[in-house]
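Let us walk through this model together, beginning with the overall fold and ending with single residues. Keep the 3D view open as you read.

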Amino acid sequence: MAPSLFDDYVDVPNVETGADFDAADDRTLRMASQPVDKALLDSLIRYQETFLSLVEADATPESMARAQTAALADSGLTLKTVEWGLSVLRAFGGRRWTAQRLQSKLTELEATPGPEVDALRQRVQNELLKQERHTEALGRRYGADTVALLREHEPVLVALHTRLTKVLSRG
């Protein structure tokens, strides 16, 4: 990639080469991003847990509005910070949920022999590798330290992602 005016931006080194435009876009977004540290992550988790505890049984619009107000108060965060933080958690949670499902399918396929299963197993392995690459690419967008912190809390974040998806997908 050609040198740019931002090549000396200390926090986000220009490590991209070639014509990977997604990497350049991620780098640009990273420069506009803020890192997620342990304190912010704890507050975002607290927000989601409070929100979900209030809307899982009753997901009406009025209940969701009350739950959001209560969750904001409980987390101590502003709405802008919550919305930004939840977008990071959704991106990570969605990738990791998919990777977990693929890993489960791969484990299931390992016990079954046969040529058709071998082809399916290879496709699942390829998709799993793709999900891992996409997860690592989140480090370019949100920072490697942020993704490392999210990976440390992956089980909790995927569980919250699953619960939130169930609530929001009720029709």
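The paragraphs below go from the whole chain to its cores, then to a helix pair and some individual positions.

A word on the ground rules: this is a predicted model, in which local features need pLDDT of at least 70 and side-chain atom pairs count only at pLDDT 80 or more, while totals for chains, interfaces and linings use all residues. Residues are numbered from 1 along each chain as its sequence is written, and side-chain values use heavy atoms, leaving out hydrogens and water.

Start with the chain as a whole. Its secondary structure consists of 7 helices and 0 strands, where helices (H or I, at least four residues) and strands (E, at least two) are DSSP runs numbered from the N terminus. Read from the N terminus, the order of elements is therefore α-α-α-α-α-α-α. Of the 171 residues in the chain, 36% are buried; buried means under 20% relative accessible area, exposed means over 50%, and partly exposed is in between, using a 1.4 Å probe and protein chains only. Contact here means heavy atoms within 4.5 Å. Among contacts with a separation of 6 or more, 65% link residues 24 or more positions apart.

Now look inside. A nonpolar core is a set of buried Ala, Val, Leu, Ile, Met, Phe, Trp, Tyr and Cys residues joined through side-chain atoms within 4.5 Å. The largest one has 27 residues, and those touching the most other members are Leu41, Tyr47, Phe51, Leu89, Leu150 and Leu157. Two or more residues of this core come from each of α2 (38-55), α3 (61-75), α4, α5 (115-142), α6 (144-152) and α7 (154-168). The biggest share, 8 residues, is given by α2. In soluble globular proteins, nonpolar side chains tend to be buried together. Leu150 shows how such a core member is placed: beyond its neighbours within four places in sequence, Leu150 contacts Leu41, Val88, Leu89, Phe92 and Leu157. Apart from this core lies another, of 7 residues, including Ala99, Val117, Val124 and Leu128.

How do α2 and α7 cross? Two packed helices are described by the angle between their axes and the distance between the axes. The axes of α2 and α7 come within 11 Å and cross at roughly 35°; axes are lines fitted to C-alpha atoms, for helices over the stretch in contact, and angles run from 0 to 180 degrees between N-to-C directions. The crossing of α2 and α7 is left-handed, a term for a near helix turned anticlockwise from the far one by less than a right angle, with right-handed used if the turn is clockwise. On the α2 side the contact involves Leu41, Ile45, Gln48, Glu49, Phe51, Leu52, Ser53 and Val55, and on the α7 side Val156, Leu157, Leu160, Arg163, Leu164 and Val167. These residues divide into 10 nonpolar, 2 polar and 2 charged, where Ala, Val, Leu, Ile, Met, Phe, Trp, Tyr, Cys and Pro count as nonpolar, Asp, Glu, Lys and Arg as charged, and the others, Gly among them, as polar. Val156 is partly exposed, at 38% relative accessibility. The C-alpha atoms of Val156 and Ile45 are 8.5 Å apart, although 111 residues separate the two along the chain.

Turn next to α4, which spans residues 79-110 and holds Arg96. Is Arg96 buried or exposed? Arg96 counts as buried because its relative accessible area is 6%. Its side chain makes a polar contact of 3.1 Å with that of Thr135. A polar contact is a pair of N or O atoms within 3.5 Å; within protein, one must be able to donate a hydrogen and the other to accept it, and residues adjacent in sequence count only if both atoms are side-chain atoms. Not counting residues up to four places away in sequence, Arg96 touches Gln131, Glu132, Thr135, Arg151, Glu154 and Val158. Phe92 is also in α4 and is buried, at 1% relative accessibility. With the same sequence neighbours set aside, up to four places away, Phe92 touches Thr135, Leu138, Val147, Leu150, Arg151, Glu154 and Leu157.

Finish in α6, where Thr146 sits. Thr146 is buried, with a relative accessible area of 1%, and its side chain reaches the backbone nitrogen of Val36 at 3.0 Å. Ala148, also in helix α6, is partly exposed at 38%.
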